[in-house]
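Work through the exercises below with the sequence and the coordinates open. Each task is followed by a solution in steps.

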Amino acid sequence: MSAAPHVLVTEREYLTNPVYEHAEFVDGVIVERNVGKKKHAEIQGLCFAAIRAALPKGGEFYVGVELHCRLEVRGRAGYRIPNVAATQNDVLVGGPTLAVEVQSPGDSLAQAIRKAQDYFANGTRMVWIVLPDEESVMVLEPNQTPAAYTREQSIAVGVFEAALEIAVDAIFP
């Protein structure tokens with residue numbers, strides 16, 4: 001069961017009602033997320049695996065899938081759920097260090113960029129917008145020009161304790 005679009009609720013209701021478990025909460029409104037299909041799920045899993053494998057073992061970063069991040073969005077409490085997140089915090093108050101958003105059918109690039117802006121306003125240092133149909137990744141960093149990467153390239157990820165490179169080919173089936 002899913003909530004109707006543009007449902008106004010309190011933060012408490014959002015956090016306690018299991019109907020909203022897979023939805024985001026922005027400006028007091030439940031924001032339904034598009035359901036990804038098989039390819040989306042595969043890419044999400046591969047992103048998780050590639051980031052986790054690249055991070056130093058025993059390091060201070062945690063990589064998770066669909067972690068609820070409590071953000072300050074336009075002066076109000078909000079929750080975004082990146083497909084993959086890497087963070088130093090056990091409790092996600094604020095943006096993760098790296099957020100990955102895999103585009104689903106029906107998602108717009110403008111929506112993904114708005115999410116990235118919310119993450120950046122809360123301390124996120126890098127956002128990947130993964131474009132499955134193009135087999136490419138748009139990488140955004142605060143106050144930087146977005147960069148696009150294709151399967152043949154690697155993404156330099158300098159936001160962790162050690163600089164990493166992740167092959168784009170590793171995140172596509």
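**Exercise 1: the open sheet**

Task: In this predicted model, six strands form an open sheet in the order E4-E7-E8-E9-E10-E11, with mixed pairing. Which strands stand at the edges, and what does this leave on one side of each?

Solution.
Step 1. The edge strands are E4 (62-65) and E11 (147-150).
Step 2. Each of the two has a single partner strand, so one side of E4 and one side of E11 have no neighbour in the sheet.
Step 3. From one strand to the next, the twist averages 20°.

**Exercise 2: strands E9, E10 and E11**

Task: Find the sense in which E9 and E10 pair, and the helix that packs on the sheet there.

Solution.
Step 1. Strand E9 covers residues 126-131 and strand E10 covers residues 136-140; they pair in the antiparallel sense over five bridges.
Step 2. One of these bridges can be located by residue: Leu131 has Ser136 in E10 as its bridge partner.
Step 3. Helix H3, residues 109-120, packs on the sheet and touches strand E8 (98-102), E9 and E10. The direction of H3 makes about 165° with that of E9.

Task: Continue to E11. How many bridges join E10 and E11, and which residue of their hairpin takes a positive phi?

Solution.
Step 1. E10 and E11 pair over four bridges, in the antiparallel sense.
Step 2. The bridge partner of Val139 is Ala147 in E11.
Step 3. The hairpin has six residues between the strands, and Asn143 takes the positive phi, near 60°.

**Exercise 3: the second largest pocket**

Task: Describe the second largest pocket by volume and by lining.

Solution.
Step 1. The volume is about 200 Å³.
Step 2. The lining consists of Lys37, Lys39, His40, Gln103, Ser104, Pro105, Leu131, Pro132, Asp133 and Glu134.
Step 3. Sorted by class, this lining has four charged, three polar and three nonpolar residues.
Step 4. Leu131 links this exercise to the previous one: the residue lines the pocket and has Ser136 as its bridge partner.

**Exercise 4: Pro173 and the whole chain**

Task: Where does Pro173 lie, and which residues does Pro173 touch?

Solution.
Step 1. Pro173 is in the segment after strand E13 (164-167).
Step 2. Leaving out residues up to four places away in sequence, Pro173 touches Glu42, Ile43, Leu46 and Arg151.
Step 3. Phe61 is 112 residues from Pro173 in sequence, and their C-alpha atoms are 25 Å apart.

Task: What radius of gyration would a compact globule with 173 residues have, and what does the protein have?

Solution.
Step 1. The globule would have a value near 16 Å; the protein has 16 Å, which agrees.
Step 2. Along the principal axes, the C-alpha atoms fill a box of roughly 45 × 30 × 30 Å.
Step 3. The protein has three helices and 13 strands.

Definitions and conventions: Residues are numbered from 1 along each chain as its sequence is written. This is a predicted model: local features need pLDDT of at least 70, side-chain atom pairs count only at pLDDT 80 or more; totals for chains, interfaces and linings use all residues. Side-chain values use heavy atoms; hydrogens and water are left out. On a 1 Å grid over the protein atoms alone, a cavity is a set of points where a 1.4 Å probe fits but cannot get out, and a pocket is an open set with protein on both sides within 12 Å along at least five of seven lines; lining residues have an atom within 4 Å of a point. Grid points are joined across faces, edges and corners, and a volume is the space filled by probe spheres set on the points. Ala, Val, Leu, Ile, Met, Phe, Trp, Tyr, Cys and Pro count as nonpolar, Asp, Glu, Lys and Arg as charged, and the others, Gly among them, as polar. Two strands pair if DSSP finds at least two bridges between them. Axes are lines fitted to C-alpha atoms, for helices over the stretch in contact, and angles run from 0 to 180 degrees between N-to-C directions. Contact means heavy atoms within 4.5 Å. The radius of gyration is taken over C-alpha atoms; the globule rule is 2.2 Å times the number of residues to the power 0.38.
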